[in-house]
Amino acid sequence: MIILKKGILIVFEGIDGAGKTTQAEILLRRLKKEKFNTVYFREPSKSKWGREIKKKAALLDSLTPEEELELFQKDRKENIERNLKPALKKKKVVILDRYYFSTIAYQGAKGIDPGSIQKMNKEFVIKPDLVFIFDIDAGKGLKRIENRKKRDMLFERKEYLIKVREIFQSFKGKEFIQVDATEPIDIISKKVERIVFNFLDKFIG
Ligand code: TYD
């Protein structure tokens, strides 16, 4: 097993249908094959808050944006304490499928001030080392997951995801990598892999 000098947190973000979960799974396999001590988590998580989010989401519009925000925040706090902190302490490479950038983008697109969501998260989150943002047109993203979701939801969803995408595109900083999610899966995975392996190189031994 390769020993790193510190735990590394890599986040995958993007609108629904961008393919981030597929890419996260490919990276996880590649890292394991190269003998990195790697683990995968996601938000919403598998905790009681994560399960509540999934349950309530099934009842369309059953929550106000503020109630949604509160649930995602509670879920994140638990995910950090229970999953992220222990794994990073063991110097693992943590791949995290969605993080607080999703809250800024999704709940921000529902009218809550993105700046205030960012501020409340920065008070307790662990700063990620790399954030991949998989970028795709909202219509194209929805087409990819058409058979996963109900067709009649799609129109409303598109207007919403256009706003979510705009917020995702607005993140600036050296940890952010915007990825064109319309390219073929293997082209994207190779790009991601190159960036990640280059980054990890600096922390070996
Ligand atoms: P996800 O589990 O990635 O989607 P899927 O069920 O397709 O695998 O995320 C579920 C939804 O939750 C997704 O539409 C984005 C949304 N979400 C927020 O609105 N705010 C958040 O803070 C997070 C983490 C997710």
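## Exercises on a predicted model

Proline 44 sits in the loop that runs between strand E2 (38-42) and helix H2 (48-58). Keep in mind throughout that this is a predicted model. Let's work through it together.

**Exercise 1. Determine whether the peptide bond from glutamate 43 to proline 44 is cis or trans.**

Solution. Start with the usual expectation: most peptide bonds are trans. Next, read the torsion: omega is near -5 degrees for the bond from glutamate 43 to proline 44. That bond is therefore cis by its omega value. To place it on the chain, recall that proline 44 belongs to the loop between E2 and H2.

**Exercise 2. Find the phi values of lysine 35 and lysine 91, and locate both residues.**

Solution. Begin with the background: most residues other than glycine have a negative phi. Now take lysine 35, whose phi is near 70 degrees, a positive value in a residue other than glycine. This lysine is in the loop between helix H1 (20-33) and E2. Then turn to lysine 91, with phi near 60 degrees, again positive and again in a residue other than glycine. Lysine 91 is placed in the loop between H3 and strand E3 (93-97). As a last step, check its exposure: the relative accessibility of lysine 91 is 39%, so this residue counts as partly exposed.

**Exercise 3. Classify glutamate 68 and tyrosine 106 as buried or exposed.**

Solution. The cut-off we need is that buried means under 20% relative accessible area. Glutamate 68, found in helix H3, has a relative accessible area of 13%, so glutamate 68 is buried. Tyrosine 106, found in helix H4, has a relative accessibility of 9%, so tyrosine 106 is buried too. For a feel of the surroundings, add two C-alpha separations. Glutamate 68 and alanine 57 are 11 residues apart along the chain, with their C-alpha atoms 9.2 Å from each other. Tyrosine 106 and aspartate 137 are 31 residues apart along the chain, and their C-alpha atoms are separated by 15 Å.

**Exercise 4. Describe the shell of residues around the ligand and its polar side-chain contacts.**

Solution. First, count the neighbours: 16 residues surround the ligand, and the closest are Asp16, Arg42, Arg98, Thr103 and Gln107. Second, look at distances from polar side-chain atoms to oxygen atoms of the ligand. Threonine 103 has such an atom at 2.5 Å, arginine 98 at 2.7 Å and lysine 20 at 3.3 Å. Third, ask how much of the ligand is covered: the protein covers 84% of the 550 Å² of accessible area that the ligand has on its own. Fourth, trace the shell back to its elements. Helix H3 (65-89) and helix H4 (100-106) are the elements that give two or more residues to the shell, and H4 supplies the largest share, with 3 residues. Finally, sort the shell by character: 10 residues are charged, 3 are polar and 3 are nonpolar.

**Exercise 5. Characterise the second largest pocket by volume and lining.**

Solution. The idea behind the search is simple: rolling a probe the size of a water molecule over the atoms shows where empty space is left. The second largest pocket has a volume of about 200 Å³. Its lining has 15 residues, and those closest to its centre are Tyr100, Phe101, Gln118, Lys122 and Phe176. The elements that give two or more residues to this lining are H4 and helix H5 (114-122). By character, the lining divides into 9 nonpolar, 4 charged and 2 polar residues.

Technical notes
Residues numbered from 1 in each chain as written. Predicted model: local features only at pLDDT ≥ 70, side-chain atom pairs only at ≥ 80, totals over all residues. Heavy atoms only, no water. Near = heavy atom within 4 Å. Polar contact = N/O pair within 3.5 Å; in protein donor to acceptor, adjacent residues only side chain to side chain. Areas by Shrake-Rupley, 256 points an atom, 1.4 Å probe, with all protein chains shown as cover. Helix = DSSP H or I, 4+ residues; strand = E, 2+ residues; numbered from the N terminus. Nonpolar A, V, L, I, M, F, W, Y, C, P; charged D, E, K, R; others polar. 1 Å grid on protein atoms, 1.4 Å probe; cavity = no way out; pocket = protein on both sides within 12 Å on 5 of 7 lines; lining within 4 Å. Points joined across faces, edges and corners; volume = space filled by probe spheres on them. Buried < 20%, exposed > 50% of the residue type's maximum accessible area, 1.4 Å probe, protein only.
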